[in-house]
Amino acid sequence: MINLKKIKNPMPEQDPQVRARNFEEVAQGYTAEMAINEAMRCLKCRTKPCTGGCPVMVQIPEFVAKVAEGEFEEAFQIIAETSALPRVCGRVCPQENQCEGVCVRGVKGEPVSIGRLERFVADWHAEHEEEMGELLRYEDALRAAPANGKRVAVVGAGPAGLTCAGDLIAKGYEVTVYESLHKPGGVLAYGIPEFRLPKSIVSAEVDKLAEKGVTFINNAIIGRSETIDELLDEEGFDAVFVGTGAGLPSFMNIPGENLLGVCSANEYLTRINLMKGYLDDYDTPVPPGKRIAVIGGGNVAMDAARCAMRMGAEKVYIIYRRSMEEIPARAEEIHHAIEEGIDFQLLRNPVQILGDKDGRVNGIECVKMELGEPDASGRRRPVEIEGSNYILDVDAVIMSIGTKLNTLILDTTENLAANDRGGIGTDDGAATNRPGVYAGGDAVTGAATVILAMGAGKTAAASIDDYLK
Ligand SMILES: Cc1cc2nc3c(=O)[nH]c(=O)nc-3n(C[C@H](O)[C@H](O)[C@H](O)COP(=O)(O)OP(=O)(O)OC[C@H]3O[C@@H](n4cnc5c(N)ncnc54)[C@H](O)[C@@H]3O)c2cc1C
Ligand code: SF4
């Protein structure tokens, strides 16, 4: 067992050669012994910088100390006080920019592996839930407030909506979640692939909410089937939370984007994940390709590239216009993508997509870039190197350069104000300018992270409770 104090206990993982061709989970989780060993690396800092670095303020040293003592259920209860989806967060949070980024253990070595410990504790709880069933149900019942007769509609079943729904049902509200897709979960269900976040985890969380009394209405596009005003005035809801995300794909507007073989990462991932295109017994069509270029450097781009490999591509490129220093994806995803053989074309930008006489992609022309002065985001601006154009031989292109907010709710809700990013405008308590209407997550901030969306769902639930009390 490795516990050299300076480095994290490594995570058991599937072999890169093997996993690059299957959809099973890559990281396999700590054993109890590994978790205890890792937890013992914690210095129990009095100032708790790690907790300060967590957007929902999980009491990290406290739960880590319980892991070190082998008290895993107690550790879970500490996490569960603030985090609604710890099995999800332990797998997908960008810990290196949050809790682990400020961990004191990281000053002279690697930080405590807080994310892996969170995952271990939450998985341990889920595995033992069955045997502790009666006790947990009893504790839940003690915690749950009696029904208060007030009704809240939640629009969108992503992490923001699910968290808000969970907090409100526990406070005694009657909660109905409207989801436009046929399954709840938001990006957790349709975007993040099975090999990073098994879908059984997402459905277990949804099932738990349903068991507690949350009603889910799928295939309901609010703004089309009914408006927010109708939910309030005709359906009789006392308040509405909007957590509709930011799932509208962006394109580059370069020549060739309308060729056959070009698609958005969102469409590609939805077909593979939500519509199970990776399973042989589903006939969901997935855009084919043997040599695939994925444009972008975020988590979405990594997911699309790694899915493309697993769907049988021979060569997959990530084309990103800045360098590895600026690349926004989680460090672990980049590391895994490289191990799986994805070819990173850094400081490169596509200028046009090339097609054959039948209108199918047969290449992509790129130009090399260098980094100039910092732009408004503080990151160095990529500048084209004139005359450095070159062509990559590809037969499919997946665009993953970000997503925009869908304006349906803003367009169909009377006098609902937008913020300066084009999202739904809110104050710090997630209240919009319309009394009784609250919003949070990507629908307000633009594409962000799971934990921030969950944090917004929590804030909104507390504000709705104050408003309706
Ligand atoms: C492929 C991918 C990978 C990602 N990887 C990570 C990661 O590793 N770590 C991380 O922290 N973040 C990651 N993110 C970002 C993260 O998933 C989002 O920030 C987060 O899901 C936002 O949560 P949300 O609840 O605001 O919105 P969403 O998760 O987008 O959920 C919104 C829900 O609302 C529904 N909806 C939309 N409009 C309507 C309507 N009019 N009526 C009813 N329902 C509606 C949508 O169908 C969707 O289910 C990733 C995103 C993508 C796309
Ligand atoms: S900062 Fe790191 S070492 Fe200090 S208490 Fe938090 S997890 Fe432990």
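Sixteen residues, written here as 16, surround ligand 2, and the closest of them are Cys-42, Cys-45, Cys-50, Pro-61 and Cys-103. This is a predicted model, and the briefing below moves from the two ligand shells to the parallel sheet, the nonpolar core and some individual loop residues. The sheet is open and has 5 strands in the order β6-β14-β7-β8-β9, while the largest nonpolar core has 126 residues.

**Ligand 2 and helix α4**

- The shell around ligand 2 divides into 13 nonpolar residues and 3 charged ones, with no polar residue in it.
- Helices α3 (49-52) and α4 (60-68) each supply at least two residues of this shell around ligand 2, and the largest share, 3 residues, comes from α4.
- Within α4 the buried residues are Ile-60, Pro-61, Phe-63, Val-64, Lys-66 and Val-67, and Pro-61 is also listed among the residues closest to ligand 2.
- The cover over the buried residues of α4 includes α2 (32-39), α3, α5 (72-80) and α7 (114-129).
- After α4 comes Gly-70, which has a positive phi near 80 degrees.

**Ligand 1**

- Ligand 1 is surrounded by 43 residues, of which the closest are Gly-156, Gly-158, Gly-186, Gly-245 and Gly-441.
- The shell around ligand 1 is made up of 24 nonpolar, 15 polar and 4 charged residues.
- Helices that each supply at least two residues of the shell around ligand 1 are α9 (159-170), α14 (299-310), α16 (408-412), α17 (442-445) and α18.

**The parallel sheet**

- Which strands make up the open sheet, and in what order? The order is β6-β14-β7-β8-β9, and the pairing is parallel.
- Strands β6 (262-264) and β9 (343-346) stand at the edges with a single partner strand each, so one side of each is left without a neighbour in the sheet.
- On average, and with direction ignored, neighbouring strands of this sheet are turned by 20 degrees against each other.
- Strand β6 is joined by 3 bridges to β14 (residues 396-399), the two running parallel, and in this pairing Ser-264 stands opposite Met-399 of β14.
- Helix α13 (residues 265-272) packs on the sheet, where it touches β6 and β14, and its direction makes about 80 degrees with that of β6.
- Strand β7 (residues 291-295) is mostly covered, 4 of its 5 residues being buried.
- Between β7 and β8 (residues 315-320), which run parallel, there are 5 bridges, and Arg-291 stands opposite Lys-315 in β8.

**The nonpolar core**

- In soluble globular proteins, nonpolar side chains tend to be buried together.
- In this model the largest nonpolar core has 126 residues, and those with the most contacts inside it are Phe-241, Val-294, Ala-304 and Val-397.
- Helix α18 (residues 450-468) contributes the largest share of this core, 9 residues, and α18 is also one of the helices that supply at least two residues of the shell around ligand 1.
- Leaving aside residues up to four places away in sequence, Ala-304 touches Ala-265, Tyr-268, Leu-269, Val-294, Ile-398 and Ser-400.

**Loop residues before β6 and before β7**

- Asn-253 lies in the loop between β5 and β6, and Asn-253 has a positive phi of about 60 degrees although it is not a glycine.
- Is Asn-253 buried or exposed? Asn-253 counts as exposed because it has 6 C-beta neighbours inside 10 Å.
- Ile-254 lies in the loop between β5 (248-249) and β6 as well, but Ile-254 counts as partly exposed because it has 15 C-beta neighbours inside 10 Å.
- Not counting residues up to four places away in sequence, Ile-254 touches Pro-350, Val-351, Gln-352 and Ile-353.
- Ile-254 and Ile-201 are 53 residues apart in sequence, and their C-alpha atoms are 39 Å apart in space.
- Lys-276 lies in the loop between α13 and β7, and its phi is near 55 degrees, a positive value in a residue other than glycine.
- With 16 other C-beta atoms within 10 Å, Lys-276 is partly exposed.

Notes:
Residues are numbered from 1 along each chain as its sequence is written. Chains are lettered from A and ligands numbered from 1 in the order in which they are written. This is a predicted model: local features need pLDDT of at least 70, side-chain atom pairs count only at pLDDT 80 or more; totals for chains, interfaces and linings use all residues. Two strands pair if DSSP finds at least two bridges between them. Axes are lines fitted to C-alpha atoms, for helices over the stretch in contact, and angles run from 0 to 180 degrees between N-to-C directions. Two residues are in contact if their C-beta atoms, placed from the backbone, lie within 7 Å. A nonpolar core is a set of buried Ala, Val, Leu, Ile, Met, Phe, Trp, Tyr and Cys residues joined through C-beta atoms within 7 Å. A residue is buried if 20 or more other C-beta atoms lie within 10 Å of its own, exposed if 12 or fewer, and partly exposed in between; C-beta atoms are placed from the backbone. A residue is near a molecule or strand if its C-beta atom, placed from the backbone, lies within 6 Å of it. Ala, Val, Leu, Ile, Met, Phe, Trp, Tyr, Cys and Pro count as nonpolar, Asp, Glu, Lys and Arg as charged, and the others, Gly among them, as polar.
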